[in-house]
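The exercises below are meant to be worked with the sequence and the coordinates side by side. Each task is followed by a solution that proceeds in steps.

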Amino acid sequence: MFSKELFGRRILELRNSRRETQSELGERLGIKKNQVSEIERGNRSTSAERIVLLCLHYGVSADYLLGLTDDPAPGRQTDEAHPE
């Protein structure tokens, strides 16, 4: 189940590991510093488009950000219903 608190904690950890400010991350996402703060505190979520931007910026999977896995590495799943 999705947890805004876990989502926010993971974004905070990733941002701090890059030594980015909330303002810098907000600029990258097209939101204000206070909105980043609200996300990191677990009071707000964000759009699918911004989740993609976060994944690309930090090199992590959406599953990791959303709390569906504890492995931050983006992986490839093979699905017979969707051959490549």
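**Exercise 1. The chain as a whole**

Task: Establish what share of the contacts with a separation of 6 or more comes from residues 24 or more positions apart, and describe the secondary structure and burial of the chain.

Solution: In this predicted model, residues that stand 24 or more positions apart account for 53% of the contacts in the chain with a separation of 6 or more. The next step is the secondary structure, which comes to five helices and zero strands, so that reading along the sequence gives the pattern α-α-α-α-α. Finally, of the 84 residues in the chain, 32% are buried.

**Exercise 2. The nonpolar core**

Task: Determine how many residues the largest nonpolar core has, and which of them have the most contacts inside it.

Solution: The largest nonpolar core has 15 residues, and those with the most contacts inside it are F7, I11, L25, L54 and L65. At least two residues of this core are supplied by each of α1, α2 (22–29), α3 (33–40), α4 (48–58) and α5 (62–65), while the largest share, four residues, comes from α4. F7 may then be followed outwards: not counting residues up to four places away in sequence, F7 touches F2, I39, T46, I51, L54, L65 and L66. As a separate check on the rings, a search of the whole structure finds one aromatic pair, and the charged end of R10 sits over the ring of Y64, at 4.1 Å from its centre.

**Exercise 3. The two sides of α4**

Task: Decide which residues of α4 are buried, which are exposed, and why the buried ones line one face of the helix.

Solution: Begin with the buried set in α4, which consists of I51, L54, C55, H57 and Y58. Viewed down the axis of α4, these buried residues fall within an arc of 170 degrees, and therefore they line one face of the helix. The general background is that an α-helix has 3.6 residues a turn, so residues three or four places apart point the same way. On the other side of α4, A48, E49 and L56 are exposed, whereas the buried residues pack against α1, α2 and α5. What follows the helix is G59, whose phi is positive, near 70 degrees.

**Exercise 4. Y58, R15 and Q22**

Task: Starting from Y58, find which polar contact its side chain makes, and then trace the surroundings of R15 and Q22.

Solution: Y58 lies in helix α4 and counts as buried because its relative accessibility is 9%. The side chain of Y58 makes a polar contact of 2.5 Å with the side chain of E20, and, leaving aside neighbours within four places in sequence, Y58 is in contact with L14, R15, R18, E20 and L25. The C-alpha atoms of Y58 and I11 are separated by 9.1 Å, although the two residues are 47 residues apart along the chain.

The second step turns to R15, a residue of helix α1, which counts as buried because its relative accessibility is 7%. A polar atom of the R15 side chain lies 2.7 Å from the backbone oxygen of E20. With neighbours within four places in sequence left aside, the contacts of R15 are E20, T21, Q22, L25, E40 and Y58.

The third step takes up Q22 in helix α2, which at 17% relative accessibility is classed as buried, because the cut-off is under 20%. The side chains of Q22 and E40 are joined by a polar contact of 2.8 Å, and the contacts of Q22 beyond four places in sequence are R15, K33, V36, S37 and E40.

**Exercise 5. K4 and R19**

Task: Classify K4 as buried, partly exposed or exposed, and state where R19 lies and what sign its phi has.

Solution: K4 lies in helix α1 (residues 4–17), and because its relative accessibility is 34% it counts as partly exposed. K4 and N43 are 39 residues apart in sequence, yet 6.9 Å apart in space, C-alpha to C-alpha. Leaving aside neighbours within four places in sequence, K4 is in contact with I39, G42, N43, R44 and S45.

R19, for its part, lies in the loop between α1 and α2 and is exposed, with a relative accessible area of 78%. Its phi is near 55 degrees, a positive value in a residue other than glycine. For background, most residues other than glycine have a negative phi.

Key
Residues are numbered from 1 along each chain as its sequence is written. This is a predicted model: local features need pLDDT of at least 70, side-chain atom pairs count only at pLDDT 80 or more; totals for chains, interfaces and linings use all residues. Side-chain values use heavy atoms; hydrogens and water are left out. Buried means under 20% relative accessible area, exposed over 50%, partly exposed in between (1.4 Å probe, protein chains only). Contact means heavy atoms within 4.5 Å. Rings of Phe, Tyr and Trp (its six-membered ring) pair if their centres lie within 6.5 Å; planes under 30 degrees apart count as stacked, over 60 as edge-to-face and the rest as tilted. A charge sits over a ring if NZ of Lys or CZ of Arg is within 6 Å of the ring centre and within 35 degrees of the ring normal. A nonpolar core is a set of buried Ala, Val, Leu, Ile, Met, Phe, Trp, Tyr and Cys residues joined through side-chain atoms within 4.5 Å. A polar contact is a pair of N or O atoms within 3.5 Å; within protein, one must be able to donate a hydrogen and the other to accept it, and residues adjacent in sequence count only if both atoms are side-chain atoms. The arc is that of the directions from the helix axis to the C-beta atoms.
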